[in-house]
Amino acid sequence: MGVPNSSAEIESLDRWKMDKVEARRIAEEVAQDLLTWPPVKIGALLEEEERREVVAPSGTVYSVVIEAVDVDEHINEAIVLVMVDDGGWSAFKPLVEQITVPIVLT
């Protein structure tokens, strides 16, 4: 295809771009919700990630993956990653929000 030459070609490429503002809003909302989860539930994310779909106000369906990584078992904290993509090219490089939360290991 080469370099886009017309505004129509550029608009065509824009359809493949994820709305990063909308995706960031979703990631932040999910991260805020995670702060209310009990530490045991966060600890369970170390074993198995959680996947869900979120429909944004624009109608776009976003895939959300929540995954935890153990930071230090001595301080009982984990880094939780919230990864958001719209199923297009962004699935190869999702938007990521990171928070640190207390956990209880079972």
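In this predicted model, Val55 stands opposite Val61 of β2. The two strands β1 and β2 pair in the antiparallel sense, over six bridges.

## Sheet and overall architecture

The pairing of β1 with β2 belongs to an open sheet of four strands, ordered β1-β2-β3-β4 with antiparallel pairing. Its edges are formed by β1, residues 50-55, and by β4, each of which pairs on one side only. On average, and with direction ignored, neighbouring strands of the sheet are turned by 25° against each other. Strands of a sheet pair through backbone hydrogen bonds, in either a parallel or an antiparallel manner.

The protein as a whole has three helices and four strands. Read from the N terminus, the elements follow the order α-α-α-β-β-β-β. Of the 106 residues in the protein, 30% are buried. Among the contacts with a separation of 6 or more, 46% are between residues 24 or more positions apart.

## Helix α2 against the sheet

Helix α2 lies across β1, β2, β3 and β4, and runs at about 15° to β4. The 15 residues of α2 should span 21 Å at 1.5 Å a residue, and this agrees with the 21 Å between its end C-alpha atoms.

Which residues of α2 are buried? They are Glu22, Ala23, Ile26, Ala27, Val30, Ala31 and Leu34. An α-helix has 3.6 residues a turn, so residues three or four places apart point the same way. The cover over the buried residues of α2 includes helix α3, residues 39-44, together with β1, β2, β3 and β4.

## The nonpolar core

In soluble globular proteins, nonpolar side chains tend to be buried together. Here the largest nonpolar core comprises 23 residues, and those with the most contacts inside it are Leu34, Ile42, Val80, Val82 and Val84. Two or more residues of this core come from each of α2 (20-34), β2 (61-72), β3 (77-85) and β4 (95-102). Helix α2 gives the largest share, six residues.

Val84 illustrates how the parts meet. Residues up to four places away in sequence being left out, Val84 touches Met18, Ala23, Ile26, Ala27, Tyr62, Ser63, Val64, Pro94 and Leu95. Of these partners, Ala23, Ile26 and Ala27 are among the buried residues of α2.

## Salt bridges

A search of the whole structure finds three salt bridges. The table gives the N to O distance for each pair.

| Basic residue | Acidic residue | N to O distance |
|---|---|---|
| Arg24 | Glu97 | 2.8 Å |
| Arg51 | Glu49 | 2.7 Å |
| Arg52 | Glu50 | 2.6 Å |

What does the bridge between Arg24 and Glu97 tie together? Arg24 lies in helix α2 and Glu97 in strand β4, so the pair links parts that are 73 residues apart in sequence. Arg24 is partly exposed, its relative accessibility being 31%. Glu97, by contrast, is buried, because its relative accessible area of 18% falls under the 20% limit.

In the pair of Arg51 and Glu49, Arg51 counts as exposed at 58% relative accessibility, while Glu49 is partly exposed at 29%. In the pair of Glu50 and Arg52, Glu50 is partly exposed with a relative accessible area of 24%, and Arg52 is likewise partly exposed at 25%.

## Two loop residues

Is Ser90, in the loop between β3 and β4, buried or exposed? With a relative accessibility of 9%, Ser90 counts as buried, since the limit for a buried residue is under 20%. Neighbours within four places in sequence aside, Ser90 is in contact with Met18 and Asp85. Met18 also appears among the residues that Val84 touches.

Ile75 is placed in the loop between β2 and β3. With a relative accessible area of 48%, Ile75 is partly exposed, since only values over 50% count as exposed. The C-alpha atom of Ile75 is separated by 9.0 Å from that of Ile103, a residue 28 positions away along the chain.

Note on methods
Residues are numbered from 1 along each chain as its sequence is written. This is a predicted model: local features need pLDDT of at least 70, side-chain atom pairs count only at pLDDT 80 or more; totals for chains, interfaces and linings use all residues. Side-chain values use heavy atoms; hydrogens and water are left out. A nonpolar core is a set of buried Ala, Val, Leu, Ile, Met, Phe, Trp, Tyr and Cys residues joined through side-chain atoms within 4.5 Å. Buried means under 20% relative accessible area, exposed over 50%, partly exposed in between (1.4 Å probe, protein chains only). Contact means heavy atoms within 4.5 Å. A salt bridge is a side-chain nitrogen of Lys or Arg within 4 Å of a carboxyl oxygen of Asp or Glu. Two strands pair if DSSP finds at least two bridges between them. Axes are lines fitted to C-alpha atoms, for helices over the stretch in contact, and angles run from 0 to 180 degrees between N-to-C directions. The expected span of a helix is 1.5 Å times one less than its number of residues.
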